[in-house]
Amino acid sequence: ATAATTEVKMVRSGDFTVELIDAISKEVFPEHFGLDEKSYVEVEPDTEYYIRIKSDSEDLVFCNFFVDGKDLGYHSYISPGRSTEKGLWSRVEGNETFQALKFVKASVLNHNEGDDGKPWTGCIQ
């Protein structure tokens, strides 16, 4: 028997990489590409995840986080050559915490993909 392998791709632009990772295993969700060449991941509803940003820049990087066009309400700095994992931010009694995000049916409908041609998709910015 041979083991199946899944090619994991990631969104990369210049010195930056954005990945969606499983909240528990920290494994990167495999990325697929639609007919419009936009990337997406396929997961079950209610799967929890974090956004991982990697920077190969030699400079300190400022990031804002948006999911489905909604600002998550915070920003982050990434040091040169580092990465960070982010989710839903809160501050409780002076302590900063991040909870996992959760995949749910999104509000944007993509007519180019899927068994019925109409899967629900969202957007990470």
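This report describes the salt bridges, aromatic pairs, nonpolar core, surface patch and selected backbone features of the structure above. The model is a predicted one.

**Salt bridges**

The whole structure contains 4 salt bridges. Three of them are set out in the table below, with the separation given from N to O.

| Basic residue | Acidic residue | N to O distance |
|---|---|---|
| Lys-54 | Glu-19 | 3.7 Å |
| Lys-26 | Glu-85 | 3.5 Å |
| Arg-52 | Glu-85 | 3.1 Å |

Lys-54 and Glu-19 are joined by a salt bridge between their side chains. This pair connects distant parts of the chain, with Lys-54 in strand 5 (residues 48-55) and Glu-19 in strand 2 (residues 16-22), 35 residues apart. The two partners can also be described by their exposure. Lys-54 is partly exposed, at 31% relative accessibility. Glu-19, by contrast, has a relative accessibility of 4% and is therefore classed as buried, the cut-off being under 20%.

Glu-85 takes part in a salt bridge with Lys-26. Because Glu-85 lies in strand 8 (residues 83-86) and Lys-26 in the loop between strand 2 and strand 3 (31-33), this contact ties together parts that are 59 residues apart in sequence. Glu-85 has a relative accessible area of 31% and is partly exposed. Lys-26 is likewise partly exposed, with a relative accessible area of 35%.

Glu-85 also forms a salt bridge with Arg-52, whose closest N atom is 3.1 Å from the O atom. Arg-52 belongs to strand 5 and Glu-85 to strand 8, so this pair ties together parts that are 33 residues apart in sequence. Arg-52 is buried, its relative accessible area being 12%. Through shared partners, salt bridges join Glu-19, Lys-26, Arg-52, Lys-54 and Glu-85 into one network.

**Aromatic pairs**

How many aromatic pairs does a search of the whole structure find? The search returns 6. One of the aromatic pairs is formed by Tyr-74 and Phe-98: their ring centres are 5.3 Å apart and their planes stand at 70°, so the arrangement is edge-to-face. Here too, distant parts of the chain are linked, since Tyr-74 is in strand 7 (residues 70-78) and Phe-98 is in strand 10 (residues 95-99), 24 residues apart. Tyr-74 is buried at 8% relative accessibility, whereas Phe-98 is partly exposed at 23%. Ring pairs connect Phe-65, Tyr-74, Trp-89 and Phe-98 into a cluster.

**Nonpolar core**

In soluble globular proteins, nonpolar side chains tend to be buried together. In the present model, the largest nonpolar core comprises 14 residues. Within this core, the residues with the most contacts are Tyr-49, Ile-51, Phe-65 and Leu-72. At least two residues of the core come from each of strand 5, strand 6 (61-67) and strand 7. Strand 6 provides the largest share, namely 4 residues. Phe-65 therefore appears in two descriptions, as a residue of this core and as a member of the aromatic cluster.

**Nonpolar surface patch**

Which residues form a nonpolar patch on the surface? The patch consists of Leu-60, Phe-62 and Tyr-77, which together have about 350 Å² of accessible area. Leu-60 is located in the loop between strand 5 and strand 6. With a relative accessible area of 55%, Leu-60 is exposed.

**Backbone features and a long-range separation**

Two residues that are not glycines have positive phi values. Lys-26 has a phi of about 65°, and Asp-46 has a phi of about 75°. Lys-26 is situated in the loop between strand 2 and strand 3 and is the residue that pairs with Glu-85 in a salt bridge. Asp-46 is found in the loop between strand 4 (39-41) and strand 5.

Val-18 lies in strand 2 and is partly exposed at 29% relative accessibility. The C-alpha atom of Val-18 is separated by 10.0 Å from that of Thr-84, although the two residues are 66 residues apart along the chain.

How values were computed: Residues are numbered from 1 along each chain as its sequence is written. This is a predicted model: local features need pLDDT of at least 70, side-chain atom pairs count only at pLDDT 80 or more; totals for chains, interfaces and linings use all residues. Side-chain values use heavy atoms; hydrogens and water are left out. Buried means under 20% relative accessible area, exposed over 50%, partly exposed in between (1.4 Å probe, protein chains only). Rings of Phe, Tyr and Trp (its six-membered ring) pair if their centres lie within 6.5 Å; planes under 30 degrees apart count as stacked, over 60 as edge-to-face and the rest as tilted. A nonpolar core is a set of buried Ala, Val, Leu, Ile, Met, Phe, Trp, Tyr and Cys residues joined through side-chain atoms within 4.5 Å. Patches are made of residues with over 30% relative accessible area and no salt bridge: like charges are joined within 9 Å, nonpolar side chains (Val, Leu, Ile, Met, Phe, Trp, Tyr) within 5 Å. Accessible areas come from the Shrake-Rupley method with a 1.4 Å probe; for residues, only the protein chains shown count as cover.
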